[in-house]
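Colleague: Please take a close look at one part of this model, the sheet and whatever is set around it, and walk me through it in one connected account. I would like each term to come with its cut-offs.

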Amino acid sequence: MKGARKIGRKPTARKSKNGRHFFPSRSGFWKGKGCLAPQPHLCSRHLPNRNPLPKGDITMAFELPALPYAYDSLSPFMSAETLEFHHDKHHQAYVTNGNNLLKDSGLEGLSLEEIVKQSHGKNAGLFNNAGQHYNHIHFWNWMKKDGGGNKLPGKLQAAVDSDLGGYDKFKADFVAAGTTQFGSGWAWLSVKDGKLEISKTPNGESPLIHGASPILGVDVWEHSYYIDYRNARPKYLEAFVDSLINWDYVLEMYEAASK
Ligand code: FE2
């Protein structure tokens with residue numbers, strides 16, 4: 001049939017700088033028999049199944065993923081109205097603008113993570129939109145209904161105890177990072193040199209460009225909390241930690257980053 005998509009076509013292997021072959025998927029995520037993704041959590045084999053992979057042509061790599069829960073499932077800690085605007089309007093805008101800026105950027109066909117890293121300091125528009133696309137894909141998965149609290153998976157609890165001084169100190173430092181981020185940005189828990197660390201970044205930045213692997217992030221742009229908490233950012237951050245964090249997804253990213 002003329003114009004029909006070929007099914008079962010083998011992906012074209014490309015050679016990386018170090019001579020290893022990789023298979024960029026149509027979504028911009030990595031896939032292959034052996035995971036060669038620079039960050040395994042961006043490999044299609046390691047990305048949790050609860051959230052469908054973005055689909056789309058490799059030169060139009062960004063697509064808005066579906067939320068992994070209903071709009072009203074995080075209420076009262078995050079309202080359906082907030083999620084509708086945040087996901088459907090704000091994240092969609094990063095996807096749309098990112099796709100426009102990706103055209104002719106010279107970075108088409110790379111994984112999302114590589115686009116974020118390689119556009120940093122060189123292509124501010126693309127970096128901002130690709131960075132926010134990356135951050136939000138994970139942000140939706142970093143939350144769940146009846147999440148949060150101090151019941152961490154054992155392996156993660158041990159790392160929090162040894163690297164961050166325990167759960168209570170983690171919570172205080174994480175909330176403080178989000179509270180003191182001046183203007184828009186994110187607070188993070190990431191793995192750097194094999195250890196957990198807490199940090200904050202402005203705008204669409206993430207620990208990716210600081211040599212670390214993010215495993216948990218909270219959006220402190222006003223669009224993330226103003227409908228529900230007005231200007232009370234610390235209350236939003238407390239609710240995020242106490243009632244929303246999906247520790248299972250944090251553990252998955254921790255294990256991927258620790259390999
Ligand atoms: Fe956001």
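Modeller: Asn-203 lies in the loop between S5 and S6, where strands (E, at least two residues) and helices (H or I, at least four) are DSSP runs numbered from the N terminus. This is a predicted model, in which local features need pLDDT of at least 70 and side-chain atom pairs count only at pLDDT 80 or more, whereas totals for chains, interfaces and linings use all residues. Residues are numbered from 1 along each chain as its sequence is written, and side-chain values use heavy atoms, with hydrogens and water left out.

Asn-203 has a positive phi of about 50° although it is not a glycine. Most residues other than glycine have a negative phi. With a relative accessible area of 40%, Asn-203 is partly exposed, a class that falls between buried (under 20%) and exposed (over 50%), using a 1.4 Å probe and protein chains only.

On one side of this loop is S5 (195–202), which pairs with S4 (185–192) in the antiparallel sense over eight bridges; two strands pair if DSSP finds at least two bridges between them. Gly-185 stands opposite Pro-202 in S5, and the two strands form a hairpin with two residues between them, where Asp-193 in the turn has a positive phi of about 50°. S4 is also joined to S6 by six bridges, again antiparallel, with Trp-186 opposite Asp-219 and Leu-189 opposite Leu-216. In a regular strand the side chains alternate between the two faces of the sheet. Both S4 and S6 are well covered: seven of the eight residues of S4 are buried, while seven of the seven residues of S6 are buried, so S6 is largely enclosed by the rest of the structure.

Helix H4 (residues 154–164) comes next, with Leu-156, Gln-157, Ala-159, Val-160 and Leu-164 buried. Seen down the axis of H4, these buried residues fall within an arc of 165°, so they line one face of the helix; the arc is that of the directions from the helix axis to the C-beta atoms. They pack against strands S4, S5 and S6 (213–219), and also against helices H5 (167–180) and H8 (247–257), contact being counted for heavy atoms within 4.5 Å. On the other side of H4, Gly-154 and Ser-162 are exposed. H4 is followed by Gly-165, whose phi is positive, near 80°.

The residues of S6 also meet helix H7 (233–244) through Phe-240, which lies in that helix. Phe-240 is buried, with a relative accessible area of 0%. Leaving aside neighbours within four places in sequence, Phe-240 is in contact with Leu-216, Gly-217 and Val-218, and also with Phe-139, Trp-142, Met-143, Phe-174 and Ile-245. Phe-240 and Val-175 are 65 residues apart in sequence and 9.2 Å apart in space, C-alpha to C-alpha.

Asp-219, the residue opposite Trp-186, leads to the iron ion, whose protein donors are His-86 (NE2), His-136 (NE2), Asp-219 (OD) and His-223 (NE2), lying 1.9 to 2.1 Å from it. Donors are N, O and S atoms within 2.8 Å of the metal (3.2 Å for Na, K and Ca), and with water not among the atoms, sites may look incomplete. Along the chain, the donors follow the spacing H-x49-H-x82-D-x3-H. One pair links distant parts of the chain: His-136 in helix H3 (residues 124–141) and His-223 in the loop between S6 and helix H6 (226–229), 87 residues apart. Both of these histidines are buried, His-136 with a relative accessible area of 0% and His-223 with 16%. The four donor atoms subtend angles of 92 to 147°, which makes the arrangement irregular. Four donors count as tetrahedral if all angles lie between 85 and 135 degrees; four count as square planar and six as octahedral if opposite donors are over 155 degrees apart and all others between 65 and 115, and anything else is irregular.
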